[in-house]
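Here's a short set of exercises to work through with the coordinates open. Try each task yourself before you read the solution.

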Amino acid sequence: MAPVPIYPNSPKDALHSMYVGKTLHEALTPAAVMDVAAVRRNCGRMLQATRQLGLGWRAHVKTHKALEITRLQVGDKVDEPVNLIVSTIAELSFLLPLLKEYRSQGRSVNVLHGLPVAPRQMGQMISIAEALGPDSISFLVDDPAQIPVASSFNKANGVKPHLHVKIDMGGRRAGVIVNTPRFTEVVDAALEAHKQGHVILRGVYSHAGHSYAGDSRVAAMKMLSAEIEAMLEAATAIVAKAAEADVSSLPKLCISAGASPTALSVQNLLENEGMAADDKTPELKQQAGLLRTLFDDVKAKGHEIEIHAGVYPTLDLQQLAAHSISSSHLSWGDIAFTLLAEVHSFYPGRGENGRAEALIGAGVLALGRETCKAYEGLALLTPWNRPGAKMPDCDVEDVRGWMVGRFSQEHGILTWREGKRGFVADDTEQDALQCGQLVRLWPNHACITSGQFGFYIVVDGDRQGKEDEIVDIWVRATGW
């Protein structure tokens with residue numbers, strides 16, 4: 001079954017005419033706002049890090065689901081591959097014209113579906129592979145019953161899918177644990193399908209989603225090391241089993257690791273990462289050295305290392321709270337995605353200890369319901385359009401100011417968080433909100449909050465004096 005537009009996307013041309021050239025003060029609310037300047041910085045740093053460290057790179061698009069950010073994630077070097085991860089068939093269908101453009105430029109294209117392969121997806125995936133050609137599609141497998149499904153893909157269109165065995169190294173979401181009976185069953189079935197010429201067993205893949213619980217650069221690098229060590233053990237077992245099964249055509253295996261905290265942590269290995277001299281603690285230096293040694297060990301054993309991540313272009317409060325790299329490269333000004341909302345009501349003295357509260361027209365259906373370990377709210381107010389308010393100069397844990405402390409379907413209740421340090425030197429901002437005022441919010445989790453919207457209103461923070469002018473509309477893929 002070929003992909004059909006079951007879920008219509010937002011009308012880019014109409015929205016462009018409606019918004020571009022105006023300012024955020026004229027936008028309808030709630031609205032998803034994207035600062036292209038921050039996205040450029042975040043994507044550029046990741047590409048620079050993987051290039052300098054000699055690591056492969058695979059960009060996840062599930063956070064933003066937009067063509068324009070995908071372009072920034074893969075860069076414009078025609079000699080570099082375009083390796084992506086999607087979470088939905090809708091994302092892949094939406095990206096298809098861009099992927100065909102990259103193919104026409106001579107760039108290799110490979111898209112990995114981020115969920116273990118399932119039979120009902122085959123019809124749509126087959127038609128996409130026919131459009132993109134050989135070596136364009138990768139699948140995750142963590143169940144031996146998935147191997148015949150992947151083999152049927154090749155039988156239907158002649159394109160051999162690349163298989164990556166999904167490794168569970170602690171997240172307990174998807175994957176198999178290395179050297180368990182289930183791992184052996186999956187690998188044996190994949191090797192047999194590879195031997196029969198139906199698939200290409202390409203490597204192993206892990207997503208350390210539990211790395212979000214980390215709170216330092218050292219913790220992020222340790223988690224990345226744990227990911228790679230688990231997959232190196234898996235790759236070693238696969239090579240041994242291939243020899244036993246007389247599979248001689250196995251390619252160099254790819255060890256694909258990452259979640260945004262662990263992927264970002266590779267920037268700690270760069271000499272020009274921007275850390276001050278007194279920031280390079282002995283423990284940080286030691287862990288960076290151990291990670292470099294591990295990279296070298298993987299390559300010496302004949303494998304490739306690939307890093308993957310998805311939230312890093314936009315960032316959010318969860319990423320700030322993970323503290324995976326220096327604040328010179330991961331701070332408040334690097335959060336590209338914010339939510340524009342309007343204050344509907346102000347309630348002097350209604351809150352705890354006589355503090356004020358306010359109501360905004362953005363509740364759970366705009367923000368999502370994701371928490372952040374660093375504080376107790378759903379989002380924090382930025383200083384934008386609030387005279388006297390300043391950017392925080394502290395960690396998320398210490399922020400003193402307005403947050404979305406309660407919520408319902410369409411309502412968000414702004415409550416005052418005492419914290420340790422605030423945006424201003426006194427409490428004048430605590431009484432500064434008023435009906436009709438526009439505010440912007442830093443969300444806890446960009447993936448979930450952005451998923452509530454069909455498009456982004458784009459501004460450019462590098463345009464001095466015109467930071468609020470809308471320069472573009474970026475449409476998101478919708479549906480499944």
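**Exercise 1: empty space**

Task: find which residues line the largest cavity, then turn to the largest pocket and find which residues are closest to its centre.

Solution. Start with the cavity: its lining is made up of N42, R45, L264, Q267, Y312, L315, I325 and H329. Keep in mind that this is a predicted model. The largest cavity holds about 50 Å³ of space, and a search of the whole structure turns up 3 cavities of 30 Å³ or more.

Now the pocket. The largest pocket has a volume of about 910 Å³. It is lined by 39 residues, and H60, K62, S87, L115 and R173 are the closest to its centre. Next, sort the lining by element: β4 (109-116), β9 (304-309) and α13 (446-450) each give at least two residues. The largest share comes from β4, with 3 residues.

**Exercise 2: a helix up close**

Task: check how the length of helix α2 compares with the expected value, and list its buried residues.

Solution. Helix α2 covers residues 36-52, which is 17 residues. From first C-alpha to last it reaches 24 Å, close to the 24 Å expected at 1.5 Å a residue. Then go through burial: V36, A37, A38, V39, N42, C43, R45, M46, L47, A49 and T50 are the buried residues of α2. Two of these names, N42 and R45, should ring a bell, since both also line the largest cavity.

Finish with the two ends. At the start of α2, a side-chain oxygen of D35 comes to within 3.0 Å of the backbone nitrogen of A37. Just after the helix, G54 has a positive phi of about 70 degrees.

**Exercise 3: rings and charges**

Task: classify the ring pairs Y19 with F455 and F139 with F153, then look for charges over rings.

Solution. There are 6 aromatic pairs in the structure. For Y19 and F455, the centres are 6.3 Å apart and the planes are at 40 degrees, so this pair is tilted. Y19 belongs to helix α1 (residues 12-19) and F455 to strand β17 (residues 455-459), so the pair ties together parts 436 residues apart in sequence. Y19 counts as buried, at 4% relative accessibility.

For F139 and F153, the centres are 5.3 Å apart and the planes are at 85 degrees, so call this one edge-to-face. F139 sits in strand β5 (residues 137-141) and F153 in helix α6 (residues 146-157), 14 residues apart. Both F139 and F153 are buried.

On to the charges: the charged end of R107 sits over the ring of Y102, 5.0 Å from its centre. R440 lies over the face of W384, at 5.5 Å from the ring centre.

**Exercise 4: unusual backbone**

Task: say where the cis peptide bond is, and which residues other than glycine have a positive phi.

Solution. Begin with the general rule: most residues other than glycine have a negative phi, and most peptide bonds are trans. The bond from T29 to P30 is cis, with omega near -5 degrees, and P30 lies in the loop between α1 and β1 (31-35).

As for phi, N353 has a positive value of about 55 degrees and is found in the loop between β10 (337-347) and β11 (357-360). N353 counts as exposed, at 76% relative accessibility. N385 has a phi near 60 degrees and lies in the loop between β12 and β13. With 29% relative accessibility, N385 is partly exposed.

Definitions and conventions. Residues numbered from 1 in each chain as written. Predicted model: local features only at pLDDT ≥ 70, side-chain atom pairs only at ≥ 80, totals over all residues. Heavy atoms only, no water. Phe/Tyr/Trp six-rings, centres within 6.5 Å; stacked < 30°, edge-to-face > 60°. Helix = DSSP H or I, 4+ residues; strand = E, 2+ residues; numbered from the N terminus. Buried < 20%, exposed > 50% of the residue type's maximum accessible area, 1.4 Å probe, protein only. Lys NZ or Arg CZ within 6 Å of the ring centre and 35° of its normal. Expected span 1.5 Å × (residues − 1). Polar contact = N/O pair within 3.5 Å; in protein donor to acceptor, adjacent residues only side chain to side chain. 1 Å grid on protein atoms, 1.4 Å probe; cavity = no way out; pocket = protein on both sides within 12 Å on 5 of 7 lines; lining within 4 Å. Points joined across faces, edges and corners; volume = space filled by probe spheres on them.
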